[in-house]
Amino acid sequence: MPGLEDLRKAVSKLLRRSGPYESIINEYIRDLQKALIAADVNVRIVFDLTKRIREQALKSEPPPGVSRREWLVKITYEELSKLFGGDYEPEVKPPYTPYVIMMVGVQGSGKTTTVGKLAKFYRDMGYKVGVVAADTYRPGAYDQLRQLAERAGAMFYGEPGSKDPIGIAKRGVEELKKRGAEVIIIDTAGRHGYGEEEYLLKEMKDIAAAVKPDEVMLVIDAAMGQKSYDLAKRFHEATPIGSIVITKMDGTAKGGGALSAVAATGARIKFIGTGEDISEIEVFRPKRFVARLLGMGDLESLLERIERLESAKDFEKTVAEMLSGKITFRTIYRQIEQVRKLGPFRKVLQMIPGISSLIESVDDAAKLSEEKTKKWITIINSMTYEELDNPELLEQRSRVKRIAIGAGVETSDVRELYNYYKTVKRMMRTLKKRKDILEKLVKSGRLPG
Ligand SMILES: Nc1nc2c(ncn2[C@@H]2O[C@H](COP(=O)(O)OP(=O)(O)O)[C@@H](O)[C@H]2O)c(=O)[nH]1
Ligand SMILES: [Mg+2]
């Protein structure tokens, strides 16, 4: 995407740079600022954002095995994701059917094209789709949509020559419902030019009041850049059932401005249009979008590596706790969750310095399948605080039975978990003994440290 492409360049330049860390950061921040401002992101937002990136880069330490420059990329990824909407994952599956979507937006923003794209999108998902041509102003609108519907494999409703958009919309929805459409999309006319939000929103309200759509979708041309803030804000306030599509992300350098401005209003961007073809639409997921902007492949493996290293650090803490203190179901819970992320317990233990040399002859405490860990987590969630802190209470059959019923599993499952606890405990005791002996030997000088 033009404009935002420079972000990737800034990152790859960063990774090739050498010299003092501070000057590397400074140059990198300047590149980021240039790229974002060129993409029409609001200048103040850009400065706030880069200030936060710089502070974190100077303040926080990467986990061992990750370079400071890589760490800087990860911070950038997190911050840019926030700029474009954060963890938000749009729900595109209709919550029920038939489901009626009404398209609104100024003339030329890409409404009709988007209706065609969405019709195909939902067809590909397996829905029966119908579209309604309720733009009675623009000559040719009827034919344009009819052709798109045909290409998408969607049903079509229109009344050529009619001047009654509200009537068409109402009759169209009714008719298409009768014909079995599960997703119905209404194309509307919109208004000329920007700065007519007032009229646009009023018209939208009139049609919406008559048709009662399940969702109203506002189409915004990416070329509107940061100016889309006002429109998105008003729309967001006026339309609780609203979502937003940003079109023509492929054709302008201002896409970054449009996305960030809309995200700043709290409105939800559901789709982006990335070309003229009927298939060129994608669900907008901020994190994935940013990952791709920054150079997906590399970034993904970097993020995975960082996550692994960070969970390994957590795991080290858990093991240290297990070696020095009491093992309860709370520790087991944490350990199960971590092992789930990191792999077999024994293998992970081998990653921990100081433990790896002790581990050779220790049994692998049960191989945990995904299914089993899920079950065990449910079981642990059905325990009382008392049981969590004192696992030996599970010697009592009545407790095992009660927990099994609460978790919806067999008593044998609960006993299996209890046995796992005992195995881990035994294993930790053996490890601790060996560790103590080793440390004594080292202290007495009989072994090198
Ligand atoms: N490059 C590009 N062009 C688009 C996109 N979406 C729509 N267009 C073009 O924008 C123009 C106006 O689109 P149209 O759907 O007729 O807008 P409407 O007046 O809001 O219905 C047409 O030439 C479309 O091909 C997009 O995502 N990328
Ligand atoms: Mg149109």
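**Figure 1. Lys-248 and its salt-bridge partner Asp-221 in the predicted model.** Lys-248 is partly exposed, since its relative accessibility is 35%. The side chain of Lys-248 forms a salt bridge with that of Asp-221, with an N to O distance of 3.2 Å. This contact links distant parts of the chain: Lys-248 belongs to the loop between strand E6 (242-247) and helix H10 (255-265), Asp-221 to strand E5 (residues 215-221), and the two are 27 residues apart. Asp-221 has a relative accessible area of 10% and is therefore buried, the limit being under 20%.

**Figure 2. The salt bridge between Glu-416 and Lys-372.** The closest N and O atoms of Glu-416 and Lys-372 are 3.0 Å apart. Here too, distant parts of the chain are linked, with Glu-416 in helix H18 (residues 411-443) and Lys-372 in helix H15 (residues 370-381), 44 residues apart. Glu-416 is partly exposed, at a relative accessible area of 31%. Lys-372 is likewise partly exposed, its relative accessible area being 22%. Elsewhere, Lys-13, Arg-17, Glu-27 and Asp-31 are joined into one network by salt bridges that share partners.

**Figure 3. A salt bridge within helix H6, formed by Arg-146 and Asp-143.** The side chains of Arg-146 and Asp-143 meet at 2.9 Å, N to O. Because the two residues are three apart in helix H6 (residues 141-152), about one helical turn separates Arg-146 from Asp-143. Arg-146 is partly exposed, with 33% relative accessibility. Asp-143 is also partly exposed, with a relative accessible area of 35%. Side chains of opposite charge can pair when their charged atoms come close. In total, the structure holds 28 salt bridges.

**Figure 4. The surroundings of ligand 1.** The space that ligand 1 takes is the largest pocket. There are 17 residues around ligand 1, of which Gly-108, Lys-111, Thr-112, Thr-113 and Asp-250 come nearest. Helix H5 (residues 111-124) contributes the largest share of the shell, four residues.

**Figure 5. Polar contacts of ligand 1 with Asp-250, Gly-273 and Glu-276.** A nitrogen atom of ligand 1 lies 2.7 Å from a polar side-chain atom of Asp-250. The backbone of Gly-273 places a polar atom 3.4 Å from an oxygen atom of the ligand. In the side chain of Glu-276, an N or O atom is 3.1 Å from an oxygen atom of ligand 1. On its own, ligand 1 has 590 Å² of accessible area, 82% of which the protein covers.

Notes: Residues numbered from 1 in each chain as written. Chains lettered and ligands numbered in written order. Predicted model: local features only at pLDDT ≥ 70, side-chain atom pairs only at ≥ 80, totals over all residues. Heavy atoms only, no water. Salt bridge = Lys/Arg side-chain N within 4 Å of Asp/Glu carboxyl O. Buried < 20%, exposed > 50% of the residue type's maximum accessible area, 1.4 Å probe, protein only. Near = heavy atom within 4 Å. Polar contact = N/O pair within 3.5 Å; in protein donor to acceptor, adjacent residues only side chain to side chain. Areas by Shrake-Rupley, 256 points an atom, 1.4 Å probe, with all protein chains shown as cover. 1 Å grid on protein atoms, 1.4 Å probe; cavity = no way out; pocket = protein on both sides within 12 Å on 5 of 7 lines; lining within 4 Å. Sits in = over half its atoms within 2 Å of the grid points.
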